[in-house]
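Trainee: Could you take me closely through the side-chain contacts of one part of this model, covering its aromatic rings and its charged pairs? I would like one connected account.

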Amino acid sequence: MMKNNENNDNRLINKVRETEPELDKPGELTENVMNRLKARQTGRPKLKKLIVVLRPAMSAAALWLIGLFVFQYFGVSVTHDKPKNNIYSFTEKKPGLNKTVNLQTYKRLVNKTNHCKEQINKSFDQLDRQCLISLAAEYQEQKQLNNKRIENIVQYWQKIN
Amino acid sequence: MTRDEINELIRKSRQNDFAAFQKLVEQYQYMVYKLTFRLLASEEDAKDMVQEVFIRIWEKLSTFNTNFSFSSWVYKIATNMCYDMLKSKQYKEKKQVIELQAGIHNPELEAGNVESGIMNRELAELIRFLTGELSPKQKLVFTLSDIEGLEVQEISEVTGLSPGKIKSNLYLARKYIRKRIEMTEQEDDDEKQ
C-alpha cells in the first residue's frame with residue numbers, strides 16, 4: 001500500500017516533469033516583449049526630463065516647508081521695549097515650550113542688536129546706516145522682532161533704499 | 001547558440017540594439033516560460049511573467065558579468081520574480097478566486113487519462129493540485145527540485161536559501177503532497193463503495 005502510494009506520487013510528479021507546457025505563438029510573445037520595451041524606451045526620456053525639471057523645485061519647496069515648520073515651532077520673538085537687568089525679554093511663540101530651547105537664538109539676536117541699542121532712541125536721520133541695515137536684515141530674516149520701533153526703522157530703511 | 005554569440009548579443013543589447021535583444025528573447029523565452037508556467041500554474045500568468053522577466057533583464061543587462069552563464073542569470077531572475085509574485089497578496093487573492101471557480105481536484109485521477117497527453121490547462125490543474133496549498137517557499141523549492149530537477153546546491157545558488165532551509169522545505173512539501181494524494185485516493189475509493 002505504502003509502495004503504491006509512493007509510486008503514485010512519483011507518477012504524478014514525473015508526469016508534470018515530463019510534460020512540457022506548450023507555448024503557442026512564441027513569435028507573438030517575443031513581439032509583446034519587444035513592443036513593451038520600445039514603448040518604455042520612448043516614454044523614459046520624457047519622464048527623465050520631467051524629473052530633472054521638477055526635482056530642484058520639489059526640493060526647494062520641501063526645504064521651504066521644513067523651514068517654515070521649524071520656524072513656526074521654535075521661533076522666538078524679542079522685544080526691546082522692556083529690558084530687564086540689561087537683558088532683553090523674549091516671549092515664546094509656542095506656549096509650554098522650554099525656554100532654553102530658544103536661548104541661543106535669543107542671545108544671538110541680543111548680541112546682534114546690542115550694537116544698535118544705543119542708537120535706537122536716536123532719530124532716524126542720526127541712525128548709523130550699518131546698524132539700520134543690520135536691524136532691517138535681522139527683522140526680515142526673523143520676522144520676530146516685534147518692536148514697533150524696529151518696524152518703523154525697517155519701513156524707513158525700505159523707503160530710503 | 002555559442003557563448004561568444006550570446007555575449008556578442010549581450011554587448012549589442014547594452015548599446016540599445018533591439019534586434020540583438022530580440023534574438024536573446026527568442027533564445028530563452030521558452031526556458032523562462034516553462035519555469036514560470038510550473039511555478040505559477042497558469043498559462044496567462046506565465047506569459048505575463050515572461051514579459052516582465054525580459055523587461056527586467058533589459059534593465060539589468062549592464063550588471064551581468066559575461067564570465068558567468070547567461071542562462072543561469074536569466075533563470076535566477078525568473079525564479080526570484082515568480083517567488084515574489086507567489087508571495088504577493090494580490091496573487092494570493094487571485095489564486096483563491098481561481099480555486100473557487102475551478103475547484104481543486106485531481107484531473108488525472110478523476111479522468112483516468114494517465115497515458116494520454118495533457119494540455120496546458122490540465123497540466124496547470126495538476127500542478128495546482130500538487131502544489132496549490134504549499135507555501136511560496138515550499139512551492140519554489142519543490143518545483144525547482146522535483147520538477148525542474150535541480151540539485152540542492154543549485155537551488156541555493158538560484159534562490160539564495162541555505163541548503164538546510166531548502167531540505168526542510170522540500171521535506172514538508174513532499175510530505176504534504178503525499179498526504180494530499182492519499183486523501184484524494186481515499187475519497188475516490190469511498191465514492192466507489
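Mentor: Before looking at individual residues, we need one cut-off: a residue is called buried when its relative accessible area is under 20%, exposed when that value is over 50%, and partly exposed in between. Please keep in mind throughout that this is a predicted model.

Let us begin with B:Trp58, whose relative accessible area is 11%, so by that cut-off B:Trp58 is buried. Over all chains the structure holds nine aromatic pairs, and one of them joins B:Phe18 to B:Trp58 in a stacked arrangement, with 5.1 Å from centre to centre and 10° between the planes. B:Phe18 belongs to helix H2 of chain B, which covers residues 18-40, whereas B:Trp58 belongs to helix H3 of chain B, residues 43-60, and the pair therefore ties together parts that are 40 residues apart in sequence. These two rings are also members of a cluster, in which ring pairs link B:Phe18, B:Phe21, B:Phe54 and B:Trp58. The ring of B:Phe18 has a charged neighbour from the other chain as well, since A:Lys38 lies over its face at 5.7 Å from the ring centre.

A further aromatic pair, between B:Phe70 and B:Trp73, is tilted, with 5.8 Å from centre to centre and 35° between the planes. Here both residues lie in helix H4 of chain B (residues 70-87), where they are three residues apart, or about one turn of the helix. B:Phe70 is buried at a relative accessible area of 5%, and B:Trp73 is likewise buried, with a value of 17%.

Turning to the charged side chains, the count over all chains comes to ten salt bridges. In one of them, B:Glu52 meets A:Arg36, and the closest N and O atoms are 2.8 Å apart. Because B:Glu52 sits in helix H3 of chain B and A:Arg36 in helix H2 of chain A (residues 26-74), this pair joins two chains. Both partners are partly exposed: B:Glu52 has a relative accessible area of 32%, and A:Arg36 has one of 30%.

Helix H3 of chain B also carries B:Glu43 and B:Lys47, which are four residues apart and thus separated by about one helical turn. Their side chains meet in a salt bridge, with 3.4 Å from N to O. The two partners fall into different accessibility classes, for B:Glu43 counts as partly exposed at 23% relative accessibility, while B:Lys47, at 18%, counts as buried. This contact is part of a network of salt bridges that links A:Asp24, B:Glu43 and B:Lys47.

A comparable spacing is found in helix H7 of chain B (residues 120-131), where B:Glu125 and B:Arg121 are four residues apart and so separated by about one helical turn. They form a salt bridge whose closest N and O atoms are 3.1 Å apart. Its two ends differ in accessibility, with B:Glu125 counted as buried at 14% and B:Arg121 counted as exposed at 57%.

Taken together, helix H3 of chain B deserves your attention when you inspect the model, for B:Trp58 in that helix stacks on B:Phe18 of helix H2, and B:Glu52, also in helix H3, pairs with A:Arg36 of chain A.

Technical notes: Residues numbered from 1 in each chain as written. Chains lettered and ligands numbered in written order. Predicted model: local features only at pLDDT ≥ 70, side-chain atom pairs only at ≥ 80, totals over all residues. Heavy atoms only, no water. Phe/Tyr/Trp six-rings, centres within 6.5 Å; stacked < 30°, edge-to-face > 60°. Buried < 20%, exposed > 50% of the residue type's maximum accessible area, 1.4 Å probe, protein only. Lys NZ or Arg CZ within 6 Å of the ring centre and 35° of its normal. Salt bridge = Lys/Arg side-chain N within 4 Å of Asp/Glu carboxyl O.
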